[in-house]
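Good morning, everyone, and thank you for making room for me today. Please take a moment with the sequence and the model before I begin, and keep both in view while I talk.

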Amino acid sequence: MTTMNKSLIHLLLVCCGTGCVANGAREVYQALKDNLTSDDKAVLAATTSARATGCHGLCAQGPFVRILPEDITYCRVKAADIPEIVEKTLKQGEVVKRLLFRDRQKKALVQGQNDIPFYRRQTRVALRNVGLIDPSSLQDYLERGGYRALEKSLLDMRPEQVIEEIIKSGLRGRGGGGFPAGLKWKACAATPAQPRYIICNGDEG
């Protein structure tokens, strides 16, 4: 579960991945912010936060609006649906059933995101923060433990320990060769030439 400010009652996560944006997610997010900041909802705005996040996956069902801590996930949300979500779910505690995911095999409505078949068997590791944080927010990343490994590497470990940890992890490049990253680091560290340069290829994710 993502970190929530103690003063918040609701945190709304709006998927703003490419697929959802193409289907109107930015308009959904803006409508949500507008509804929360209107004059007659001042109290609600003080205890509710809306956050634009990266892709939730299952793009065919987007745009998504996920409400925490209740873990209510609404699918294929339109900007026109936002007043109903605010009024019924945020103010009255009711679920808008027509926006829930429909499990065709079980012929049932699914409320929680992790109960949707697409997510049910997933254990996300590298992508564990996807859909929970605003990818443009450094604060969101820090709240989820961002840079802790870097801090440990710089303050608590020697360079050779860091390299050994990378070797033991089995981390590999994402290109066609899949060369072990730790061996690259070890070879670079053993090279006496100065200065050394790091070239990062971000094209492969």
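Let me begin at the surface, where Leu 138, Tyr 141, Leu 142, Tyr 147, Leu 150, Leu 154 and Leu 155 make a nonpolar patch of about 730 Å². A patch here is built from residues with over 30% relative accessible area and no salt bridge, where like charges are joined within 9 Å and nonpolar side chains (Val, Leu, Ile, Met, Phe, Trp, Tyr) within 5 Å. The accessible areas come from the Shrake-Rupley method with a 1.4 Å probe, and for residues only the protein chains shown count as cover.

I should say at once that this is a predicted model, in which local features need pLDDT of at least 70 and side-chain atom pairs count only at pLDDT 80 or more, while totals for chains, interfaces and linings use all residues. Residues are numbered from 1 along each chain as its sequence is written, and side-chain values use heavy atoms, with hydrogens and water left out.

Which helices supply the patch? Helix H6 (138–143) and helix H7 (148–156) each give at least two of its residues; helices (H or I, at least four residues) and strands (E, at least two) are DSSP runs, numbered from the N terminus. Leu 150, which sits in H7, is partly exposed at a relative accessible area of 45%, where buried means under 20%, exposed means over 50%, and partly exposed lies in between, with a 1.4 Å probe and protein chains only. Tyr 147, another member of the patch, lies in the loop between H6 and H7 and is partly exposed at 44%. Tyr 147 also has a positive phi of about 70°, although it is not a glycine. For background, most residues other than glycine have a negative phi, and most peptide bonds are trans.

On the wider layout, the protein is divided into domain 1 (10–144) and domain 2 (148–190), with bounds that come from an automatic or database domain assignment. The C-alpha centres of the two domains lie 36 Å apart.

Now please find strand E3, residues 65–68. Are its faces covered or open? Both are covered, since Val 65 and Ile 67 on one side and Arg 66 and Leu 68 on the other are all buried. E3 runs antiparallel to strand E1 (residues 10–15), with four bridges joining them, and two strands count as paired if DSSP finds at least two bridges between them. Within that pairing, Leu 11 has Leu 68 of E3 as its bridge partner. E3 also pairs in the antiparallel sense with strand E4 (residues 72–74), over three bridges, and there Arg 66 stands opposite Thr 73. E3 and E4 form a hairpin with three residues between them, and Asp 71 in the turn has a positive phi of about 55°.

Two cis peptide bonds deserve a look in this region. One joins Leu 68 and Pro 69, with omega about 10°, and Pro 69 has its place in the loop between E3 and E4. Another joins Gly 62 and Pro 63, with omega about 0°, and Pro 63 lies in the loop between strand E2 (48–53) and E3.

Let me turn to charged side chains. How many salt bridges does a search of the whole structure find? It finds nine, a salt bridge being a side-chain nitrogen of Lys or Arg within 4 Å of a carboxyl oxygen of Asp or Glu. One of them brings together Asp 140 and Arg 51, at 3.2 Å from N to O. Asp 140 lies in helix H6 and Arg 51 in strand E2, so this pair ties together parts that are 89 residues apart in sequence. Asp 140 is buried at 8%, and Arg 51 is buried at 13%.

A further salt bridge joins Asp 81 and Arg 98, at 2.8 Å from N to O. Asp 81 is in the loop between E4 and helix H4 (82–91), whereas Arg 98 is in the loop between H4 and E5, 17 residues apart. Asp 81 is buried at 9%, but Arg 98 is partly exposed at 47%.

I will finish with the cysteines. The structure holds zero disulfides, a disulfide being a pair of cysteine sulfur atoms within 2.5 Å. Cys 55 is in none, and the nearest cysteine sulfur, that of Cys 59, is 3.8 Å away.
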